[in-house]
Amino acid sequence: MSRAHYSIFSVLRESLRGHTGWGPAWREAEPKPDYDVVIVGGGGHGLATAFYLAKHHGPLRIAVLEKGWIGGGNVGRNTTIVRSNYLLPGNIPFYELSMQLWEGLEHELNYNAMVSQRGVLNLYHSDGQRDAFARRGNAMRLHGVDAELLDQAAVRKMVPFLNFENGRFPIHGGLLQRRGGTVRHDAVAWGYARAADRLGVDIIQNCEVKGFKREGDRIVGVETTRGYIGAKKVGMAVAGSSSRVAAMAGLRLPIESHVLQAFVSESIKPFIDGVVTFGAGHFYISQSDKGGLVFGGDLDGYNSYAQRGNLPVVEDVLEGGMALMPRIGRVRMLRHWGGIMDMSMDGSPIIDHTPVSGLYINAGWCYGGFKATPASGFCFAHLIAHDQPHAVAKAYRLDRFATGHAIDEKGMGPHPNLH
Amino acid sequence: MRIACPYCGERSLDEFLYSGDATVKRPDFASPTAANEFVSYTYERSNPPGMHRELWYHSAGCHAWLVVTRGIATHAITSVEVARDVALNEKPATKDSI
């Protein structure tokens, strides 16, 4: 029974009959000739968009078109961290909505996504960095987000094994968001897919969009590898490939595609409780429930669609790890991989109309897309349903670069590889 | 990925800094549509999945600016030129746009 409600009773029932009664979590849908809304991209954001459209804005006939398979893209390639510790007014309310949606996600989806609010600790290593973190923490608290500025003693109590007396980068303290943490990434995709399917959304896998069909300046459908599908509205949520898909509609985006590498070690006993980030280089680490250390660092820094990176960044990330916590030096690396990021020109995302009527864009997530998944879907669904941006996402305009309203959290200017 | 600098030979990637798309050209500020052209020049990129002409700076080497042609999906480099030569081979700039 694919539509069964998951509960302690269903687990008990299935455990008594050898787990023979679990059906597929969602239907294998065949494309229909037309829909009210077609979402291009069956990643976390596309599935979340379909779910919130069906839940809050229905009844609508909705399809999600996925080139590969559900959970096979960036939603399954990230380092699973969720947080809302942003600085700028354009960002904080959006990411805080996302955090609140994470907090209620498992009940909303009836799916165990292993949401674990284990805390995100950003370390500072100088007086200047402490001041910057105090400012960030204050900005968060002014928006009602939890933030605590810790001194060295408090950090020592939480994570005593860090290299506090590092000659170049001594650890003076950290900015802690206790509500941040990790979520099992592929369960997010599966949970949204199952919940959307239960609301009647068609999830169509192995269906690549090859072009948009227009009448005048209006989208009327998409050409796919499984034939033509008509649509009143089309939303693209294909971060990593946004430029390629948008080019089919004649758009040129403020985005470059870059590769970001991530790493997992062999499984070890419980060691790191929360998420810890090194403020002197770029290194962040957490421990998965299976015991592997999950970590990453900077972008490789050049345009790429290759889903694999180069060795200088591997070296740089591991150096950061060794500077922060030398005791991981004997842990063996299990695997590493690369994912393709939509790096926007100001480091912030885009959720907006496009100049093509009926075509909506959700793109530019840089390497912060996973934590944004629920709010991205929520706000994108709102935009598609009402033709108006949601209040917390109204800064994410496609034309903000032309009008001088860039949201440059890091202050790097129009250099996508530096955000 | 290693880059064959025309002056230094094949060198590791960590000697170089990346500076993005080499095909965007600074518009003429005197053009009546200069504002839009500068938005496009500063922010919009073709970001093609195939071959990409891009600027690299040999910061830990000879300090040359290079134009590298590279396959974005494969990372295979097909040519490395000195950016100065590329600029000189293009149409000379008009007086107004210098």
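Q: Where in chain A is the place of A:Asn206?
A: First, the ground rules: this is a predicted model, where local features need pLDDT of at least 70, side-chain atom pairs count only at pLDDT 80 or more, and totals for chains, interfaces and linings use all residues, while side-chain values use heavy atoms and skip hydrogens and water. Residues are numbered from 1 along each chain as its sequence is written, with chains lettered from A and ligands numbered from 1 in the order in which they are written. Helices (H or I, at least four residues) and strands (E, at least two) are DSSP runs numbered from the N terminus. On that numbering, the place of A:Asn206 is in the loop between β8 and β9 of chain A.

Q: Is A:Asn206 buried or exposed?
A: Buried means under 20% relative accessible area, exposed means over 50%, and partly exposed is in between (1.4 Å probe, protein chains only). The relative accessibility of A:Asn206 is 52%, so this residue counts as exposed.

Q: What is the phi of A:Asn206?
A: Most residues other than glycine have a negative phi. A:Asn206 isn't a glycine, yet its phi is positive, at about 55°.

Q: Which residue, 132 residues apart from A:Gln205 along the chain, has its C-alpha atom 12 Å away?
A: A:Gln205 also lies in the loop between β8 (202-204) and β9 (209-215). This residue counts as buried because its relative accessibility is 12%. Its C-alpha atom is separated by 12 Å from that of A:Gly73.

Q: Is A:Cys366, which has a positive phi, buried or exposed?
A: Look in the loop between β18 (359-363) and α9 of chain A for A:Cys366. Its phi is about 50°, although it is not a glycine. Its relative accessibility is just 10%, so A:Cys366 counts as buried.

Q: Which peptide bond is cis, with omega near 0°?
A: Most peptide bonds are trans. For this one, go to the loop between α2 and β2 of chain A, where A:Pro59 is found. The cis bond runs from A:Gly58 to A:Pro59.

Q: Which element supplies the largest share of the largest nonpolar core?
A: A nonpolar core is a set of buried Ala, Val, Leu, Ile, Met, Phe, Trp, Tyr and Cys residues joined through side-chain atoms within 4.5 Å. The largest one has 61 residues, and those touching the most other members include A:Leu47, A:Phe94 and A:Ile351. Chain A elements that each supply at least two residues include β1 (34-40), α2 (44-56), α3 (92-109) and α6 (185-198). The largest share, 9 residues, comes from α3(A).

Q: How much accessible area do A:Ile8, A:Phe9 and A:Leu12 have together?
A: A:Phe9 belongs to helix α1 (residues 8-16) of chain A. At 62% relative accessibility, A:Phe9 counts as exposed. Patch residues have over 30% relative accessible area and no salt bridge, and nonpolar side chains (Val, Leu, Ile, Met, Phe, Trp, Tyr) are joined within 5 Å, like charges within 9 Å; a salt bridge is a side-chain nitrogen of Lys or Arg within 4 Å of a carboxyl oxygen of Asp or Glu. These three form a nonpolar surface patch, and their area (Shrake-Rupley method, 1.4 Å probe, only the protein chains shown as cover) comes to about 350 Å².

Q: What pattern does chain B follow along the sequence?
A: Chain B has 98 residues, 35% of which count as buried. Its C-alpha atoms fill a box of roughly 45 × 30 × 20 Å along the principal axes. There are 2 helices and 6 strands in this chain, and they run in the order β-β-β-α-β-β-β-α.
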